[in-house]
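Please read the points below alongside the coordinates. They are arranged by region, beginning with the ligand.

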Amino acid sequence: MLAAAVAFATDGSQLWLQYDAPAPEATPELTARAELRAAGLGDPTVIVSDTFAALRPGGFIIAGDTIKASSGIGALYGAFHMIRRGGEGTFNPAYQLRALNHWDNLDGTIERGYAGSSIWLWDELPDSVSPRYRQYARANASIGINATVLNNVNASPAILSHDYLVKVAAIAGQLRPYGIRTFLAVNFASPMVLDSLPTADPLDPAVIAWWQAKADEIYALIPDFGGFLVKANSEGQPGPCDFGRTHAEGANMLAQALAAHGGTVMWRAFVYSPSDADRAKQAYLEFQPLDGQFDPNVIVQIKNGPIDFQPREPYSPLFDGMHSTARMVEFQITQEYLGQSNHMAYLAPMWSEFFNSVEPSSLQAIAGVSNIGDSANWTAHPLAQANWYAFGRLAWDPGLSPETIVREWLAQTFGNDPRGVAEMMLASREAVVDYMMPLGLHHIFAFGHHYGPEPWCEIEGARPDWLPPYYHRADSIGLGFDRSASGSDAAAQYREPWASAFGDINRCPEELLLWFHHVPWDHRMRSGMTLWDELCHRYQRGLEAVAGFRRTWDEARQSIDPKTHADVAARLATQEKDARWWRDACLLYFGQFSGMPLPDGIQPNHTLEELKAVDLGISNFECPSPELLDSLR
Ligand code: BDP
């Protein structure tokens, strides 16, 4: 055990590929062979031929120690499959487009990134090409990711300037040998900002011509360019609605510019205008009427839930309402709302939960908002590497179980399966839900940073749907947002049997009860407890789970290299303190409304006044340091 642990590069930079990377080869097929040799697997037979009828692009067959594929990239995927000892069979990807979305800004910062700065060194490009680009491409190829959007959806128009496109081409050149196509997030007003056009109206001939010329320019530099990702008319971004046009008209105009080159538009459905409609209903209200109006090379990219990457959400009803439109899901790998890089939250269970409600084959593609930055181990929290890994594996096969994936990851990363660690990771996301927002509570974060609790937050003049009381609706009667027929009726946006189940307080899954109902404090839960007692119990359970994770991690000490072990142990200590902070803040605050006492055995460590005084004083985009957190509570 210890021997395997010692082989682990203790800075985490090798990720789950714990052997020295082979030198780049001329073709993916040669790279496949080089990887197999480097991993100590010798010289298995690799046959690349387009006669394997059972294979889709990227697919491969493993029979004995032979890899059969219909392309060099398929052979490379097959080699990585063999290296992770994935077993024999025929393996085809569920989706042809498996994309990472980087929310990286051109100044090197990362929106909602908690692992350092961007790995894209724009100032040095194109003359100097960091070795990290290739390492990144190789890691992605090892888990089947084949597309990447380099820049933030809140896109700077400058990314489409010729100077930047030359830099983008240099990155694309590093990614190409690993089968990864480069995409860019684009700002809809680019023609106005870059070339002073008087409008960005998608039906204006000069605008259409501008985008066509831009597409031609891009493809001259990057022949396999993937296409555009667009956030339009959302959170202040420009879009077609500014010119009286629809999302479909905007998306199709861009799609037509890319069509001749084989490019794709991923058009995001993350919209919520400042209207009276329940925010959870808005994307559906805006996009569903456009069903069937999008061009064939447009894919509507929908966040997994209707609000915004909360620890638990129901699936977005748009997945039920747009059957004549190509759709893809967007997951968030970076933990904006799940403790950032301080907390352990293995996210595969959350993503599998989504696929239990939304049939994977009804989607055309999948995207994940990346959690990587320039920190030595890529993700800051050593165990957050598992989320990058799991995203890739689920993008390839959404039917894989979270347990299979975590065991694969542990075996490759630590050279063994440390006792209890898989179980700990599998339980971690539910623990976060319990100590942050159990029973369907959502969006009760502090206004500024999405890290700690602030259910009391009221800010004069702020949009109500940016504030916690909009979501939790605590009053003397009960807790939760009534989205049944007596309330906003968001439940009715779902297909049956979900619409009826969500809309009925007695049939709604308890995990989502407060998402869909305003529930009286003395409502009897399935456990026999009142809502209030159940709520207290869940917060306590979440805290105790984290205390248990710390014990498990301590016991795994012998199987993990000391540096990584200490790093994770310190983060778990912070997580436990944060869990206590969440429990105390929420129970003391909601207790003012329920008027009911805390059950026996639940003893707050703080007072509400103390917690209300906590002000992290950090910007929206930083993860608070443990020292800062300790000094404040
Ligand atoms: C929210 C983030 C914000 C993003 C936005 C989006 O807080 O930083 O720009 O989503 O997805 O979760 O566009």
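1. In this structure, which is a predicted model, a polar side-chain atom of Glu336 is placed 2.5 Å from an oxygen atom of the ligand. Two further contacts of this kind deserve a look: Lys231 brings a polar side-chain atom to 2.6 Å from a ligand oxygen, and Arg112 does so at 2.8 Å.

2. The surroundings of the ligand comprise 14 residues, and the closest of them are Glu111, Lys231, Arg268, Lys303 and Glu336. Lys231 and Glu336 are thus listed among the closest residues, while the polar side-chain atoms of these residues lie 2.6 Å and 2.5 Å, respectively, from an oxygen atom of the ligand.

3. Arg112 appears again in the description of the largest pocket, where Arg112, Glu235, Tyr272, Tyr337 and His450 are the lining residues that lie nearest the centre, out of 26 in the lining. The space in this pocket amounts to about 450 Å³, and its lining is made up of 11 nonpolar, 9 charged and 6 polar residues.

4. The second largest pocket, with a volume of about 370 Å³, has a lining of 18 residues, and those nearest its centre are Gln96, Leu97, Arg98, Asn146 and Arg181. Helix α3 and the strands β5 (97-101) and β7 (181-186) are the elements that each contribute two or more residues to that lining. Sorted by class, the lining holds 9 nonpolar, 7 polar and 2 charged residues.

5. Helix α3, which was named above as a contributor to the second largest pocket, covers residues 72-83, and its geometry can be checked directly: at 1.5 Å a residue, its 12 residues should span 16 Å, and the 17 Å between its end C-alpha atoms agrees with that expectation. The residue Arg85, which follows α3, has a positive phi, near 55 degrees.

6. Is α3 enclosed or open to the outside? Because 12 of its 12 residues are buried, the helix is largely enclosed by the rest of the structure. Among these buried residues are the glycines Gly72, Gly74 and Gly78, together with side chains such as Tyr77, Phe80 and His81.

7. A last point concerns Thr552, which belongs to helix α18 (residues 531-555). Its relative accessible area is 19%, and Thr552 therefore counts as buried, since the cut-off for that class is under 20%. The C-alpha atom of Thr552 is 8.0 Å from that of Arg419, although these two residues are 133 residues apart along the chain.

Key:
Residues are numbered from 1 along each chain as its sequence is written. This is a predicted model: local features need pLDDT of at least 70, side-chain atom pairs count only at pLDDT 80 or more; totals for chains, interfaces and linings use all residues. Side-chain values use heavy atoms; hydrogens and water are left out. Helices (H or I, at least four residues) and strands (E, at least two) are DSSP runs, numbered from the N terminus. The expected span of a helix is 1.5 Å times one less than its number of residues. Buried means under 20% relative accessible area, exposed over 50%, partly exposed in between (1.4 Å probe, protein chains only). On a 1 Å grid over the protein atoms alone, a cavity is a set of points where a 1.4 Å probe fits but cannot get out, and a pocket is an open set with protein on both sides within 12 Å along at least five of seven lines; lining residues have an atom within 4 Å of a point. Grid points are joined across faces, edges and corners, and a volume is the space filled by probe spheres set on the points. Ala, Val, Leu, Ile, Met, Phe, Trp, Tyr, Cys and Pro count as nonpolar, Asp, Glu, Lys and Arg as charged, and the others, Gly among them, as polar. A residue is near a molecule or strand if one of its heavy atoms lies within 4 Å of it. A polar contact is a pair of N or O atoms within 3.5 Å; within protein, one must be able to donate a hydrogen and the other to accept it, and residues adjacent in sequence count only if both atoms are side-chain atoms.
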